[in-house]
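Here are two short exercises to work through at your own pace. Have the sequence and the model open side by side, and try each task before reading its solution.

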Amino acid sequence: MVLLGMFFIFIMLVGFIQARRQKLWTSTGLLKVFVCAMPLPVIACQFGWVSAEVGRQPWIVYHVMKTSDAISQTVSAGEILFSLILFSVIYLLLGSLYIFLFAREVNHGPEPAAAKGAFVPQPQPEVFA
Amino acid sequence: MIDLNTIWFLLVGVLLIGYAVLDGFDLGVGVLHLFAKDERERRTNLNAIGPVWDGNEVWLLTGGGALFAAFPVVYATVFSAFYLALMLLLLALILRAVSFEFRSKSDSPAWRRLWDWAFGIGSLLPAILFGVALGNVVRGLPLDANGTFLGSFLGLLNPYSILIGVLGLVLFVMHGAIYMTMKTDGEHRRSMLAWANGAWITGVLLYVVATIATFFAAGFLFEGVLRQPLFWLLLGLVFASLLYLPLALRKAKYLVAFVCSSIGIACMMGLAATSLFPRIVPSSIDLASSLTIYNASSTPRTLFTMLVIALIGMPIVIGYTVAIYWVFKGKVVLDSNSY
């Protein structure tokens, strides 16, 4: 996570310098790195989370309470499994939808500011008064 | 007499009441969305609550967070007991939240219908579950002497709690319809007025039934509280606001009607809280095992530190809430940047 964070700072710095030199839009190599770096923040978040969770074991509250002592008396393993599957499915679905819409937007390409309302049937503001 | 525990009981109560009053109307609009007649009505619904619904939901988060910090035992017990119900609630809230954004991303009627359903069901479920949860807490949960929940998921779906769930749903629909009368005009407003009036009479009847049912399901709530002036003050406010509400609608004073329904919902929850006090979750096995503001609270030091944080945070939250409603006041205008 920290490594990726340094990497983000580094490429932003290079981008900033290129922008100051008016060369940002022509340095294709750097722009390609930018595009490839897009999923990295998510991965950085996940890594940070995993290292916090795994690195803390066997404690749930460091040096205060063991994870094995913190297990709920009420919520059964089956219920936990159910919710885990439920949310995995939901996030997979939403994630796929996100990628689908994202890819469609990218394929669509940038549009001139005037045509921004392309999805909207009525171009004129409509006041219900 | 007023100690830190009492202050935190009040604060958690205010947060949950704030949630019911604020998110209540946008959940109601979501339920009404299932009955919208055409695309224009549906877009008006989404844009009427679009700027405010997420801010409204924050009250539930802060309510849960405040409960966690101030009364951790209650939080642990209730959130474990309601585990599956809460997962269902989360699922509904996720679907509802994404349908705002996803719906307008395509013109395809099938796509839009899909997200209309996700939005409607994602609003219907929380609107019912809120009352079901409240009904279960008020009636008491099967807690043993250690405060451990001994019931089951299906046990939460008892007739009394379902009655409270339906009451909550009807009140939220009424609240939402009244909100929409301020945001619409013409045919759409007429249909919202019809919904508001229908839900009003249903809600009043259900409230009477629910009060009688509470006598039988949780008679202990009435012990002692009938001698408290606050109880009668809140009851009087419930009656006054609910009786004046249809008159305000008839006189086309929609904002007044909305204030009435807000006061009505707030005071009904206030009545439940007053009757519970100083218990938070009664035990249906033995009242002596109930979780109270004393045996379930954090240390005084934690409560005090949090009070300082709350006193700084509250004005900010109230400030931005007022600001956002001010910015988006008046009727819905649909343009190319709308949902």
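**Exercise 1: Reading chain A**

Task: How many helices and strands are there in chain A, and in what order do the elements run?

Solution: Keep in mind that this is a predicted model.

- Step 1. Start with the count: chain A holds 4 helices and 3 strands.
- Step 2. Now walk along the chain from the N terminus, and the elements come in the order α-α-α-β-β-α-β.
- Step 3. Next, place the domains: domain 1 of chain A covers 1–67, and domain 2 covers 72–109. Their C-alpha centres are 23 Å apart.
- Step 4. Finish with burial: of the 129 residues in chain A, 0% are buried.

**Exercise 2: A helix pair in chain B**

Task: At what angle do helix α8 and helix α9 of chain B pack, and which residues make the contact?

Solution: Two packed helices are described by the angle between their axes and the distance between the axes.

- Step 1. Find α8(B) at residues 186–217 and α9(B) at residues 229–250; they pack at an angle of about 165 degrees, and their axes are 11 Å apart.
- Step 2. Angles over 145 degrees count as roughly antiparallel, so α8(B) and α9(B) are roughly antiparallel to each other.
- Step 3. The handedness of the α8(B) and α9(B) crossing is left-handed.
- Step 4. Now list the contact: α8(B) contributes Leu193(B), Ala196(B), Asn197(B), Trp200(B) and Val204(B), while α9(B) contributes Leu242(B), Leu245(B), Pro246(B) and Leu249(B).
- Step 5. Sort the residues of this contact by character, and you get 8 nonpolar, 1 polar and no charged.

How values were computed: Residues are numbered from 1 along each chain as its sequence is written. Chains are lettered from A and ligands numbered from 1 in the order in which they are written. This is a predicted model: local features need pLDDT of at least 70, side-chain atom pairs count only at pLDDT 80 or more; totals for chains, interfaces and linings use all residues. Domain bounds come from an automatic or database domain assignment. Helices (H or I, at least four residues) and strands (E, at least two) are DSSP runs, numbered from the N terminus. A residue is buried if 20 or more other C-beta atoms lie within 10 Å of its own, exposed if 12 or fewer, and partly exposed in between; C-beta atoms are placed from the backbone. Axes are lines fitted to C-alpha atoms, for helices over the stretch in contact, and angles run from 0 to 180 degrees between N-to-C directions. Angles under 35 degrees count as roughly parallel, over 145 as roughly antiparallel, 65 to 115 as roughly perpendicular and the rest as oblique. A crossing is left-handed if the near helix is turned anticlockwise from the far one by less than a right angle, and right-handed if clockwise. Two residues are in contact if their C-beta atoms, placed from the backbone, lie within 7 Å. Ala, Val, Leu, Ile, Met, Phe, Trp, Tyr, Cys and Pro count as nonpolar, Asp, Glu, Lys and Arg as charged, and the others, Gly among them, as polar.
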